[in-house]
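Reader: Could you walk me through this one? I'd like to start with any enclosed space and then move on to the charged pairs.

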Amino acid sequence: MAVALALGGALVAAPSYAAKKEEKAAASKATPAVHKAAFEAQKAAEAGDIPTALTNYNTAKAAIVNDDDKFMVGQIGYSIYQKNKDDALQGEAIDLMVSSGKAPPETQAKLLVAQGQIAYNKRDYPKALTALQAAQAAGAPDSDIVPMMVEAYAASGQTLQALKTLDAGITKQRAANQPVPIEWFQRGIAIGYRAKANPTDIPAINNATLEISKQWVAADPQKKNWSAALQIYQEQFKLDNDARIDVFRLMRAAGVLSGDADYREYADLVYLRFPNEAMQVLQEGNTKGIVNLTGKSDASDVMGIVKGKVAADKASLPATDKSSRASASPKGAISTADAYVGYGQYQQAVDLYKVALTKSGVDAGLVNLHMGWALALAGDTAGAKAAFAAVTGARKPIADFWVIHLDHPTTANAAAS
């Protein structure tokens with residue numbers, strides 16, 4: 001979303017003075033003094049005599065009476081700018097043409113974009129936003145406008161408005177069946193993640209960043225993007241340990257556990273309750289050459305603990321299954337179902353999650369999320385999506401990410417260019 005000033009020579013055309021004087025006078029509504037000075041300015045500019053051209057340009061500018069004068073002087077000023085590349089003259093000429101309102105609609109839209117670009121580069125963000133909003137209303141392409149508007153809002157401390165503008169731009173692009181540049185998502189996430197905003201805006205900023213993150217991984221499901229999006233989600237929403245376990249389970253299923261720290265943290269969070277899940281995670285990391293299980297390390301210590309617990313834990317499942325079904329509390333059923341998933345016993349897990357849903361005080365969002373997890377691992381994509389669709393509350397973002405993963409399988413990271 002780099003903002004660069006790139007105005008072609010065809011942005012505006014200087015008035016032609018090749019016609020006969022009487023024809024020119026009839027066609028133009030500019031006052032005679034402006035018309036005469038403009039004629040002399042253009043003639044000097046075309047001859048390469050920039051000092052004389054500027055003298056006559058200033059004479060024409062001083063004689064401005066009406067909007068036709070403004071437009072003509074602006075045209076001549078822009079024509080001289082193309083010769084001497086004076087940025088101040090460029091800005092002045094464009095301001096004159098814009099304020100005249102005399103440009104054809106398509107040209108006016110381009111002029112407004114240019115005015116916004118110039119103001120943005122000068123860090124005059126209010127003027128930039130006013131011009132860009134007018135350009136948008138005049139029909140300028142969003143691809144030219146949205147990045148600058150987003151940057152201008154962000155640079156002026158209006159983070160939430162920057163993200164709302166970006167989201168609206170993305171929505172319009174998709175409604176028009178136009179591709180959304182990946183850079184739009186990346187920049188939006190960066191703006192939201194680094195925001196130093198009014199505390200009252202933070203929840204809305206976090207939610208806006210989350211929505212852009214979802215769209216990002218759907219549009220470009222590379223491993224590194226998944227890792228970044230889920231890391232930002234965890235940080236911005238300050239997830240508790242149970243929710244972090246749910247995120248790690250998604251990351252593992254999506255193949256985006258990104259390093260030794262991910263594997264070790266995942267194992268540390270589950271090994272006391274789900275020893276087999278912890279053992280599988282560490283073994284997977286070791287097989288991939290990421291986790292070192294030899295020698296003295298935290299990972300090898302945890303592996304030593306869980307190896308001695310797995311057999312007894314698995315043997316206890318029938319009894320805990322029976323007792324959890326009889327219990328009034330849903331906790332035992334959920335925990336036992338989670339353990340079943342760790343052992344790959346997905347149907348038993350799903351059956352027990354359904355039992356948990358019938359109990360008083362159950363967190364249905366949590367249970368449906370875990371049931372979707374089990375069904376996804378079992379290969380029942382339709383069933384998993386149905387379960388994830390039933391998730392409400394705090395766990396809904398994780399369910400949404402799961403659906404994105406099912407619809408847009410993870411791809412390898414693109415090679416660095």
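**Cavity, helix and salt bridges**

Author: Sure, and keep in mind that this is a predicted model. Counting cavities of 30 Å³ or more gives one.

Reader: How much space lies in the largest cavity?

Author: The cut-off for the count is 30 Å³ or more, and one cavity passes it. The space in the largest cavity is about 30 Å³.

Reader: Which helix gives the most to the lining of the largest cavity?

Author: The lining is made of Asp246, Arg249, Leu369, His370, Trp373 and Trp402. Two helices, α13 (241–254) and α21 (364–377), each supply at least two of the lining residues. With three residues, the top contributor is α21.

Reader: And by class, how many charged residues does that lining have?

Author: Asp and Arg count as charged, and the lining includes Asp246 and Arg249. Split by class, there are three nonpolar residues and one polar, and the charged ones number two.

Reader: Let's go to helix α20. What span does it reach from first C-alpha to last?

Author: Helix α20 covers residues 346–357, which makes 12 residues. At 1.5 Å a residue the expected span is 16 Å, and the model comes close to that, at 17 Å.

Reader: Which elements are included in what covers the buried residues of α20?

Author: The residues to cover are Ala349, Val350, Leu352, Tyr353, Val355 and Ala356, as these are the buried ones in α20. Their cover includes α18 (317–326), α19 (331–342) and α21.

Reader: On to charges. What is the distance between the closest N and O atoms of Asp68 and Lys102?

Author: Side chains of opposite charge can pair when their charged atoms come close. The cut-off for a salt bridge is 4 Å, and there are 21 salt bridges in the structure. Asp68 and Lys102 form one of them, with their closest N and O atoms apart by 3.9 Å.

Reader: Where does Lys102 of that pair sit?

Author: The two partners are 34 residues apart, so the link is between distant parts of the chain. Asp68 is in helix α4 (residues 67–84), while Lys102 is in the loop between α5 (87–100) and α6 (105–121).

Reader: Take Glu151 next: buried or partly exposed?

Author: Glu151 meets Arg187 in a salt bridge at 2.7 Å, N to O. Glu151 is in helix α8 (residues 142–155) and Arg187 in helix α10 (residues 182–193), so the bridge ties together parts 36 residues apart in sequence. Arg187 is partly exposed at 27% relative accessible area. Glu151 has a relative accessible area of 8%, and under 20% means buried.

Reader: Which helices does the salt bridge of Lys385 and Asp407 tie together?

Author: The side chains of Lys385 and Asp407 meet at 2.4 Å, N to O. The two residues are 22 apart in sequence, and their helices are α22 (residues 381–389) for Lys385 and α23 (residues 396–407) for Asp407.

Reader: Which residues do shared salt-bridge partners join into one network?

Author: Here salt bridges have partners in common, and that joins the residues into one network. Its members are Glu211, Lys214, Lys396 and Asp400.

Reader: Last one: which residues does Asp242 touch, leaving out those up to four places away in sequence?

Author: Asp242 is in helix α13 and is partly exposed, at 38% relative accessible area. Gln178 is 39 Å from Asp242, C-alpha to C-alpha, and contact needs heavy atoms within 4.5 Å. The residues Asp242 touches are Arg273 and Arg395.

Notes:
Residues are numbered from 1 along each chain as its sequence is written. This is a predicted model: local features need pLDDT of at least 70, side-chain atom pairs count only at pLDDT 80 or more; totals for chains, interfaces and linings use all residues. Side-chain values use heavy atoms; hydrogens and water are left out. On a 1 Å grid over the protein atoms alone, a cavity is a set of points where a 1.4 Å probe fits but cannot get out, and a pocket is an open set with protein on both sides within 12 Å along at least five of seven lines; lining residues have an atom within 4 Å of a point. Grid points are joined across faces, edges and corners, and a volume is the space filled by probe spheres set on the points. Helices (H or I, at least four residues) and strands (E, at least two) are DSSP runs, numbered from the N terminus. The expected span of a helix is 1.5 Å times one less than its number of residues. Buried means under 20% relative accessible area, exposed over 50%, partly exposed in between (1.4 Å probe, protein chains only).
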